[in-house]
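Work through the exercises below with the sequence and the structure side by side. Try each task before reading its solution.

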Protein chains: 2
Amino acid sequence: MVQEETLNRVRNAANQLGYRVNGMARALKTRRSMSIGMLVPDITNPFFPPVVRGAEAALAEAGFCLLLSSTDNDADKARSQLDAMIEARVDGLLLGMVRRRDPAVDRLQRSVIPAVLFNRTVDDDGISSVVPDDALGVRLAVSHLYELGHRRIGLVVGPLFTSNGERRLRAFRREARRLALDVRVVEATAFDETAGLRASEQIIAEFAGMTAVVAGNDLLALGVIDAATAAGLSCPRDLSVVGFNDMPLAGRLNPPLTTVNVPELSLGRTAAATLLDVIANPDRPPDQIVVPVTLVERGSTAAPADKDLRASP
Amino acid sequence: MVQEETLNRVRNAANQLGYRVNGMARALKTRRSMSIGMLVPDITNPFFPPVVRGAEAALAEAGFCLLLSSTDNDADKARSQLDAMIEARVDGLLLGMVRRRDPAVDRLQRSVIPAVLFNRTVDDDGISSVVPDDALGVRLAVSHLYELGHRRIGLVVGPLFTSNGERRLRAFRREARRLALDVRVVEATAFDETAGLRASEQIIAEFAGMTAVVAGNDLLALGVIDAATAAGLSCPRDLSVVGFNDMPLAGRLNPPLTTVNVPELSLGRTAAATLLDVIANPDRPPDQIVVPVTLVERGSTAAPADKDLRASP
């Protein structure tokens, strides 16, 4: 696109001369579709619908509509959906499906469409993002298990090509060292129940004496519980499990899931508000907003049973 | 729009002369965005994400992207989102938020954008729809309760301005007459847990001796269980509850929910396939595809306890 080149040169020159873009004035002049595109990795992950709802509410207040796509964790799908969004002349993009290194994000940064990442971010910090406090969440989960008496703890981490996966792993390793825990880590191939089941079959079989698992998200936690049940272990009697997200219905499950609460509505709202700010102030430097998390203690965690009485895995 | 008038006149004349539109040839000539718009009433209702996923899969196979909006059951929001979809030049629309009489649908029928309704339909049958077998679902739910021994049964029905609400109510009344049941009906103001709680507080307080409730969907069923718990009744010991949809996680709840399974992925797939057919064959007469449903018996239903031993509501 020749226009981009020109635009950048003009913008640089204007910056050097001390001009700043007045977003609202520009908005009145430029033709807008008054719609924002949002890409989530998997709409059937119950974590995302309330994030979408939060973003939609904030955008509606500003007069914008939301167009949503679910990429199904597929890079090709993400690319064609991004193209459809751009074709639809969206005024901005909320991206929740990014990988730590993501060509789609690189491409966007060279275009003129404002974008904000949410839930996941990229390694390169040239783009604004709104993410949960991954490190705090894992610290809270591990501390909770430690205080219950657990010392041999597994981590079923999400894919390490995502920032959530990598950051939660790093925090877990740090806590394990600090508390001198005996740990094992297994990487799930996706953030869903099936991947959680597969990954934890392995860790349950190989890590004798493991009494607790921290899961990369709530769906992975359900997979861990399924694998435990299949191995004749009951949750929380034989295996405590902590999730991440506190997805809707997590408290109504059997057992009710102990998990790290990410305030989904607020995460979505904040991402949308940040995007609106980026649209209004194109020269705003990129930043990362970290949304605080809390631990919700429910029925899937308990003190470890006496090891001699436990069914061996 | 003058063009619509002209188009209709041309189409009618062509029809009379025996011409039929060749959809694929037309597709090659007309400029397409290769995207389809989908409107759901509430993306945080766990029923919808797998419907979306099913539609998306079928559309992706045909090279179309899906742009999704959640109307939050708000007619104004629906209107502005429809406008955004049309502005985005979608090639067709999948509408899941319609009311039995819906100005948005009337407006669409006068336009040239192909549309298919899913899950809900309108009273006027001028537009194709793909809906669950509401009547069969209710029949299966009531028969199940009858066979367990229940004779005093409540219905917490969804809003009667929706086809789901109205059709499920009609089927319930019919079954109640056929089986000479003692019944009460209360209409919830929405298809969510809060509305279910409110509506069933009333029926639990007023309908003495009620041993079972059929709920208009699974979220309403959760509200019923909450209201029962608050009234000191335990599900299923004191009150059996049947949901509708079999949303994801329904089988993992406490108690696991007995519910009418609507095959969500397949409903979404069928709706998308029908829309693609309408796009390819604009003169295809509108029809209604009814998707079969089944009853999934789980832990929220049981034989009624001995009345003398039951805690009175």
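**Exercise 1. A strand in the middle of a sheet**

Task: Find the residue of β9(A) that stands opposite Val214(A), then work outwards to the whole sheet.

Solution.
Step 1. Val214(A) stands opposite Val242(A) in β9(A). This is a predicted model: local features need pLDDT of at least 70, side-chain atom pairs count only at pLDDT 80 or more, and totals for chains, interfaces and linings use all residues. Residues are numbered from 1 along each chain as its sequence is written, chains are lettered from A and ligands numbered from 1 in the order in which they are written, and side-chain values use heavy atoms, with hydrogens and water left out.

Step 2. Strands β8(A) and β9(A) are parallel and share three bridges. Two strands pair if DSSP finds at least two bridges between them. Strands (E, at least two residues) and helices (H or I, at least four) are DSSP runs, numbered from the N terminus.

Step 3. Now look at β6 (residues 152–157) of chain A. Four bridges join β6 to β8 (residues 212–215) of chain A, and the two run parallel. Leu155(A) stands opposite Val214(A). Val156(A) has Ala215(A) as its bridge partner.

Step 4. Put the strands in order. The open sheet has six strands, β7-β6-β8-β9-β10-β12 (chain A), with mixed pairing. Its edge strands are β7 (182–187) and β12 (294–296) of chain A, and each pairs on one side only. From one strand to the next, the twist averages 20°. Axes are lines fitted to C-alpha atoms, for helices over the stretch in contact, and angles run from 0 to 180 degrees between N-to-C directions.

**Exercise 2. The two faces of β8(A)**

Task: Are the residues on the two faces of β8(A) buried or exposed?

Solution.
Step 1. In a regular strand the side chains alternate between the two faces of the sheet.

Step 2. Ala212(A) and Val214(A) lie on one side, Val213(A) and Ala215(A) on the other, and all are buried. Buried means under 20% relative accessible area, exposed over 50%, and partly exposed in between (1.4 Å probe, protein chains only).

Step 3. Helix α6 (residues 134–148) of chain A lies across β6, β8, β9 (240–245), β10 (258–261) and β12 of chain A. The helix runs at about 160° to β9(A).

**Exercise 3. A residue in a helix**

Task: Which residues does Val224(A) contact, leaving aside its neighbours within four places in sequence?

Solution.
Step 1. Place the residue. Val224(A) lies in helix α9 (residues 218–230) of chain A. Its relative accessible area is 0%, so Val224(A) is buried.

Step 2. List the contacts (heavy atoms within 4.5 Å). They are Val156(A), Gly196(A), Leu197(A), Ser200(A), Ile204(A), Val213(A), Ala215(A), Leu239(A) and Val241(A).

Step 3. Check a distance. Val224(A) and Ser240(A) are 16 residues apart in sequence, and their C-alpha atoms are 9.9 Å apart.

**Exercise 4. A serine in chain B**

Task: Which residues does Ser200(B) touch, not counting those up to four places away in sequence?

Solution.
Step 1. Ser200(B) lies in helix α8 (residues 193–206) of chain B. Ser200(B) is buried, because its relative accessible area is 0%.

Step 2. Ser200(B) touches Val156(B), Gly223(B), Val224(B) and Ala227(B). Ala227(B) is 27 residues away along the chain, with 6.3 Å between the C-alpha atoms.

Step 3. Look at the side chain. One of its polar atoms lies 2.4 Å from the backbone oxygen of Gly196(B).

**Exercise 5. Two chains together**

Task: How is chain B laid on chain A, and how many residues of chain B are in contact with chain A?

Solution.
Step 1. A turn of 180° and a shift of 0.0 Å along the axis lay chain B on chain A with an RMSD of 0.0 Å. The two copies are therefore related as by a two-fold rotation axis. Copies are superposed by least squares on the C-alpha atoms of residues with pLDDT of at least 70 in both.

Step 2. Count the contacts: 36 residues of chain B meet 35 residues of chain A.

Step 3. Take the area. About 3,100 Å² is buried between the chains, and carbon and sulfur atoms give 55% of that. Buried area is the accessible area (1.4 Å probe) that two parts lose on being put together, summed over both. Arg53(B), Leu249(B) and Arg252(B) supply 22% of the area that chain B buries against chain A, more than any other three residues.

How values were computed. Polar contact = N/O pair within 3.5 Å; in protein donor to acceptor, adjacent residues only side chain to side chain.
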